[in-house]
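I opened my notebook to get to know a new structure. Come and look along with me.

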Amino acid sequence: MAHEPLTQAEVLLEGFLALDTPEGFRAELIDGEIVVTPPPDGDHEKYISRIVRQVIRRSRSDMDCSGNKGLKLVSGGACPRNHAIPDATFAPVDRDLFAGAEAWMPCDGVAMVLEVTSTKPAADREAKRRCYARGGIPLYLLVDREAASVTLFADPRNDDYRQVCTLPFGKPLPLPEPFAFELETADFL
């Protein structure tokens with residue numbers, strides 16, 4: 001039986017899914033590029049911890065949080081489906097999205113993703129932002145350590161978010177429903 005030859009995108013996706021990254025490293029497939037990042041430093045994890053704690057304690061809706069959950073997202077152009085791993089993924093508890101989810105799950109029902117810049121800040125600022133917007137994730141929270149700022153991207157349309165709010169560390173950042181509280185960033189300084 002003859003088989004159709006694999007497209008370049010299919011070969012890339014198969015190679016990506018077969019990767020065996022060293023312990024602590026993570027691999028993502030973003031807009032046709034395989035990105036491997038080393039384990040994060042302590043400051044990176046501090047920002048995540050501070051945000052997760054506030055979301056769990058202060059959100060109007062009860063939230064589940066998964067750290068480093070693989071998400072399958074729509075890709076742009078002829079690239080294979082994106083496979084991104086946000087630093088944190090938030091979803092309403094009543095959706096129970098993480099129960100029984102495979103290593104790479106669809107992003108339907110995700111309320112917000114969080115990224116803290118590290119070794120490849122441009123990927124967090126640009127490529128991942130576009131991926132999350134194409135996936136229809138309502139909110140993308142970016143902690144930019146180099147810029148000492150937090151940015152909330154909202155209202156995804158096609159390849160980007162139509163609303164952007166950037167504030168310096170130290171200023172509270174309003175999070176809309178289903179969170180409905182001001183994220184404190186004073187201890188980010």
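**Starting with one glutamine**

I began with Q54 and skipped its neighbours within four places in sequence; beyond those, Q54 is in contact with S59, F181, E182, L183 and E184. I kept in mind that this is a predicted model. Next I looked up where Q54 sits, and found it in helix α2, which covers residues 42–58. Is Q54 buried or exposed? Its relative accessibility is 11%, so I noted Q54 down as buried, the cut-off being under 20%.

**Charged pairs**

Side chains of opposite charge can pair when their charged atoms come close. I wanted to see how often that happens here, and the count came to 16 salt bridges.

I picked out E146 and R125, whose side chains meet in a salt bridge with 3.0 Å from N to O. Which parts does this pair tie together? E146 lies in the loop between β9 (139–144) and β10 (149–157), while R125 belongs to helix α3 (residues 121–134), so the pair links parts that are 21 residues apart in sequence. I also checked how open each partner is: E146 is exposed at 62% relative accessibility, and R125 is partly exposed at 24%.

Then I turned to E126 and R130, which form a salt bridge whose closest N and O atoms are 3.6 Å apart. Both E126 and R130 lie in helix α3, four residues apart, about one turn of the helix. I wrote down a relative accessible area of 38% for E126, which is partly exposed. R130 is partly exposed as well, with 26%.

I followed E126 and R130 further and met a network of salt bridges: D31, E126, R129, R130, R134, D159 and D160 are linked in it.

My last charged pair was D155 and R157, whose side chains meet in a salt bridge at 3.1 Å, N to O. R157 is partly exposed, and I noted its relative accessible area as 44%.

**A nonpolar patch**

To finish, I looked for nonpolar side chains at the surface. Which residues make the nonpolar surface patch? I found L19, F25, I34 and V36, and the patch they make is about 290 Å². I took a second look at F25, which is found in the loop between α1 (8–17) and β1 (26–30). With a relative accessible area of 33%, F25 is partly exposed. Patch members need over 30%, and F25 at 33% therefore meets that cut-off.

Key: Residues are numbered from 1 along each chain as its sequence is written. This is a predicted model: local features need pLDDT of at least 70, side-chain atom pairs count only at pLDDT 80 or more; totals for chains, interfaces and linings use all residues. Side-chain values use heavy atoms; hydrogens and water are left out. Patches are made of residues with over 30% relative accessible area and no salt bridge: like charges are joined within 9 Å, nonpolar side chains (Val, Leu, Ile, Met, Phe, Trp, Tyr) within 5 Å. Accessible areas come from the Shrake-Rupley method with a 1.4 Å probe; for residues, only the protein chains shown count as cover. A salt bridge is a side-chain nitrogen of Lys or Arg within 4 Å of a carboxyl oxygen of Asp or Glu. Helices (H or I, at least four residues) and strands (E, at least two) are DSSP runs, numbered from the N terminus. Buried means under 20% relative accessible area, exposed over 50%, partly exposed in between (1.4 Å probe, protein chains only). Contact means heavy atoms within 4.5 Å.
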